[in-house]
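I opened this entry to keep track of what I looked up, in the order I looked it up. The topics are the disulfides, the salt bridges and one strand with its partners.

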Amino acid sequence: MPVRWFCLAQGAVAVAGRYLKHRSYVGADFFDEWDFDSSPDPTSGHVIYVDRSTALSTGLANASSDRVYMGAEMTSSTGGTGRRSVRVRSKDAYDSGLFIVRVDHVPTGCSTWPAFWMFGEDADHPWPSLGEYDVIEGVNVQVRSSTTLHTSDRCDQSEVVAGEDMTGRWAAGSSSATASNCYVHAPGQYKNQGCVQEGPEDSMGPGFNQGGGGTYAAEWAPRRGYFRTWFWPRGQVPDDVRQGAPTPDAWGTPFSFFGLGPSCPKEHFARMHMMFDLSFCGDWAGGTFPRDCPRFAERMTCEELVAFHPEELQEAYWSLRALDVYLLPEGDAAVEGGSGPQESGGVSWWHCVMSMLIVLQSLVMCGIGVFVYRAMRPKAQLPDLENVRESSTPSSPTRPLVHGPASPQQGSTQPVRPAIRMQAGRDHTARSMALSRAQSAPHRVGPSVMFSPR
């Protein structure tokens with residue numbers, strides 16, 4: 001293969017396998033790319049989600065160039081009703097991608113139920129027809145984040161082995177040892193539980209916040225057949241992530257892994273939006289409130305804590321420092337909605353620029369390699385042509401010449417015969433016969449006779 005085509009092929013492979021940044025969300029215009037969902041909480045939370053105008057005017061949500069804040073109202077009693085809070089949904093919907101979020105504070109405290117998650121739903125596909133992927137989720141004062149899939153029937157993850165496929169652990173079901181069936185009505189599991197894997201200690205809760213937060217990377221790669229999720233505490237983020245060139249295969253085993261294949265077809269998940277929310281009590285936080293918060297549970301219900309004790313909710317807010325989405329240029333992702341720099345198929349102009357730069361880099365590196373190779377390669381020793389000319393008799397281009405009898409000496413009476421020139425061949429008998437015939441015809445004068453090899 002010519003060097004230039006080899007270099008181009010190498011560049012194409014590099015582009016095809018590398019995630020390219022599609023969008024960075026954190027900035028002063030963060031909420032321009034998100035919709036505020038003020039509909040009733042579907043998980044029976046003791047919460048009132050507010051609209052955009054209310055959230056921004058009351059300080060429940062604000063954004064600057066390097067930080068996004070979303071939290072609950074935590075200054076006064078509600079009189080018994082739910083507490084005001086925020087739930088936002090991205091205008092963009094994705095069919096795959098790498099989602100990296102850096103959080104320096106996650107909501108925590110008794111009664112809280114925060115989540116960063118993705119889900120798909122429309123008028124023709126009610127939840128969970130298009131799936132749900134919970135990246136960060138926890139309740140009360142739990143210290144391990146839960147990463148979960150929620151699906152319709154036939155999405156089983158029982159073949160995923162903790163300690164091999166993931167560093168995390170399976171959560172338990174209502175009667176099953178592991179909640180490894182993603183179907184929301186799976187037997188042996190809690191209602192709407194899904195398949196749940198738990199992250200490392202202090203990936204959630206008070207310890208997370210006291211340590212300055214951390215970074216999550218959530219990879220949804222249907223063509224490659226998996227969901228993978230990593231967590232790094234503050235100060236331990238890989239260099240490639242910090243440099244904006246993430247390479248998930250270099251990060252080691254994720255804490256959460258879900259396979260997509262025959263036992264869980266990738267078609268369970270499509271057109272999913274990102275979500276941030278903060279609920280209170282409800283099905284999960286309320287259900288585990290007595291166990292997680294016994295000092296409060298002895299004196300009041302979860303709902304009473306939320307309504308009448310705002311002093312206990314001072315940690316009930318999100319603080320985001322970065323949220324970047326990366327896509328593969330091989331057409332694995334599709335993006336809908338939003339006003340970002342995108343084109344059909346989810347491949348943005350940014351992909352094109354980065355692809356060209358990567359190919360150019362590959363060409364330059366290959367060119368340098370070829371130059372060094374040619375410079376270092378030993379040169380063949382050429383013969384001294386002048387010496388060859390002086391020491392060699394004239395010859396034909398392909399074979400040496402064999403001369404016939406020399407011309408007669410000076411003073412000879414024999415007629416002069418031209419020199420007979422023949423080309424040496426492999427058949428010595430034919431050559432001898434030719435010499436005999438030439439010498440037996442002394443008066444025959446004509447052009448030299450030449451014999452070519454067979």
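I searched the whole structure, which is a predicted model, for disulfides and found four. When I numbered the bonded cysteines of the protein chain in sequence order, the pairing came out as 1-7, 2-5, 3-4, 6-8.

**Entry 1, Cys110 and Cys293.** I noted a disulfide between Cys110 and Cys293, with an S to S distance of 2.1 Å. Cys110 sits in the loop between β8 and β9 and Cys293 in the loop between α6 and α7, so this link ties together parts that are 183 residues apart in sequence. I read a torsion of about -105° about the S-S bond of Cys110 and Cys293, and therefore recorded the disulfide as left-handed. Both Cys110 and Cys293 are buried.

**Entry 2, Cys155 and Cys264.** I found the sulfur atoms of Cys155 and Cys264 2.0 Å apart, in a disulfide. The pair links distant parts of the chain, 109 residues apart, with Cys155 in the loop between β11 and β12 and Cys264 in the loop between β16 and β17. The link of Cys155 and Cys264 is left-handed, with -75° about the S-S bond. Cys155 has a relative accessible area of 1% and Cys264 one of 0%; with the cut-off for buried at under 20%, I entered Cys155 as buried and Cys264 as buried.

**Entry 3, Cys281 and Cys302.** I recorded a disulfide between Cys281 and Cys302, whose sulfur atoms are 2.0 Å apart. Cys281 lies in the loop between β17 and α5, while Cys302 belongs to helix α8, so the pair ties together parts that are 21 residues apart in sequence. The torsion about the S-S bond of Cys281 and Cys302 is about -100°, which means that the disulfide is left-handed. Cys281 is buried at 0% relative accessibility, and Cys302 is buried at 5%.

**Entry 4, salt bridges.** I then searched the whole structure for salt bridges, and 15 came up. I followed up Glu33 and Arg23, which form a salt bridge with their closest N and O atoms 3.7 Å apart. Glu33 is in the loop between β1 and β2 and Arg23 in strand β1, ten residues apart, and both Glu33 and Arg23 are buried.

I next took Arg87 and Asp37, which form a salt bridge with the closest N and O atoms 3.4 Å apart. Arg87 lies in strand β7 and Asp37 in the loop between β2 and β3, so this contact ties together parts that are 50 residues apart in sequence. Arg87 counts as buried at 4% relative accessibility, and Asp37 is also buried, at 18%.

The side chains of Arg321 and Asp66 meet in a salt bridge at 4.0 Å, N to O. Arg321 lies in strand β18 and Asp66 in the loop between β4 and β5, so parts that are 255 residues apart in sequence are tied together. I entered Arg321 as partly exposed at 28% relative accessible area and Asp66 as partly exposed at 45%.

**Entry 5, strand β7.** What does β7 pair with, and in which sense? I found that β2 and β7 pair in the antiparallel sense over three bridges, and that five bridges join β7 to β17, also antiparallel. Val88 in β7 stands opposite Phe36 and opposite Phe276 in β17. I noted last that six of the eight residues of β7 are buried, so that the strand is mostly covered.

Conventions: Residues numbered from 1 in each chain as written. Predicted model: local features only at pLDDT ≥ 70, side-chain atom pairs only at ≥ 80, totals over all residues. Heavy atoms only, no water. Buried < 20%, exposed > 50% of the residue type's maximum accessible area, 1.4 Å probe, protein only. Helix = DSSP H or I, 4+ residues; strand = E, 2+ residues; numbered from the N terminus. Pairing = 2+ DSSP bridges. Disulfide = S-S within 2.5 Å.
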